Amino acid sequence: MGGNAILYQGRIFIKDGLDNDMTAKKRILAFEIGTFFTRYVVFEDGRMGIPGTIATPVDGEEPFYQALAHIVSKQRAPLDGIAISVLYGHEIGRKLQGYLDDPIPTWMENDANCAAMAEKLSGNAVKLDDFALITIDSGVGGALFLDGRI
């Protein structure tokens, strides 16, 4: 992950360079982009809302970004940011900005790292400083926590 995640007061914050401060954000739309399905949910003041799922558009880049932008535009209140969990190396956060009516701070992180951070924050690894997580989906991925840091 290269230092993009910060564990602060029991909460994990991720940056991709589009915004340097996720700590003050109140309404965050989180996407988990998978091969077949894209899941999304709004977190408001750290509380998870009702999740939704769409089939991940595979018929081109334009329909993919239009689908994400549609989900952003149908939110009932303004968003403070967008968090994206996806295979590492994609520029989805930056490209998505071109499809939004107004720019929204966006953070991205590798999907396996997100899974490990979720386990550290509120899962089976809450009391662990050192652990490994392996993901198996359309490929194999992993994340490693050492001394409480990813």
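Buried here means under 20% relative accessible area, exposed means over 50%, and partly exposed is anything in between, with a 1.4 Å probe and protein chains only as cover. This is a predicted model, in which local features need pLDDT of at least 70, side-chain atom pairs count only at pLDDT 80 or more, and totals for chains, interfaces and linings use all residues. Residues are numbered from 1 along each chain as its sequence is written, and side-chain values use heavy atoms, with hydrogens and water left out.

**The whole chain**

Start with a cartoon view. You should find 3 helices and 10 strands; helices (H or I, at least four residues) and strands (E, at least two) are DSSP runs, numbered from the N terminus. Going along the sequence, the order is β-β-β-β-β-β-α-β-α-β-α-β-β. Of the chain's 150 residues, 39% count as buried. If you count contacts (heavy atoms within 4.5 Å), residues 24 or more positions apart make up 49% of those with a separation of 6 or more. Switch on the surface and about 9,000 Å² is exposed, 53% of it supplied by carbon and sulfur atoms; accessible areas come from the Shrake-Rupley method with a 1.4 Å probe, and for residues only the protein chains shown count as cover.

**Around strand β4**

Now select residues 37–44, which are strand β4, along with strand β3 at residues 27–33. Two strands pair if DSSP finds at least two bridges between them. Here β3 and β4 run antiparallel over 7 bridges, and a hairpin of 3 residues joins them. To see one bridge, pick R27, whose partner in β4 is E44.

Add residues 52–55, strand β6, which pairs with β4 in the antiparallel sense over 4 bridges. Y40 has G52 as its bridge partner there. Then add residues 47–48, strand β5, which is antiparallel to β4 over 2 bridges. F43 stands opposite M48 of β5. The β4–β5 hairpin has 2 residues between its strands, and D45 in this hairpin takes a positive phi near 50°. While you have side chains on display, keep in mind that in a regular strand they alternate between the two faces of the sheet.

**Salt bridges**

Stay with E44 and bring in R76. A salt bridge is a side-chain nitrogen of Lys or Arg within 4 Å of a carboxyl oxygen of Asp or Glu, and by this rule the count comes to 6. R76 and E44 make one of them, at 3.0 Å from N to O. R76 sits in the loop between α1 (61–73) and β7 (81–86) while E44 is in strand β4, so the pair ties together parts 32 residues apart in sequence. R76 is exposed, at 68% relative accessible area, whereas E44 is partly exposed at 26%. Show R27 again as well: R27, E44 and R76 are linked in a network of salt bridges.

Next, select E61 and K95, whose closest N and O atoms are 3.4 Å apart in a salt bridge. E61 belongs to helix α1 and K95 to helix α2 (residues 92–97), so this pair ties together parts 34 residues apart in sequence. E61 is partly exposed at 47% relative accessibility, and K95 is partly exposed at 40%.

Then go to K120 and D129, a salt bridge with its closest N and O atoms 3.6 Å apart. Which partner is buried? K120 is, because its relative accessibility is 9%; D129, at 44%, counts as partly exposed.

**Aromatic rings**

Rings of Phe, Tyr and Trp (its six-membered ring) pair if their centres lie within 6.5 Å; planes under 30 degrees apart count as stacked, over 60 as edge-to-face and the rest as tilted. The whole structure holds 4 such pairs. Select F64 and Y65 for an edge-to-face example, 5.1 Å centre to centre with 75° between the planes. F64 is buried at 9% relative accessibility, and Y65 is buried at 4%. Moving on, F131 and F145 are stacked, 4.9 Å centre to centre with 10° between the planes. F131 lies in strand β9 (residues 131–136) and F145 in strand β10 (residues 140–145), 14 residues apart. Both rings belong to buried residues: F131 at 12% and F145 at 3%. Before leaving, add Y99 to F64 and Y65 to see one aromatic cluster.
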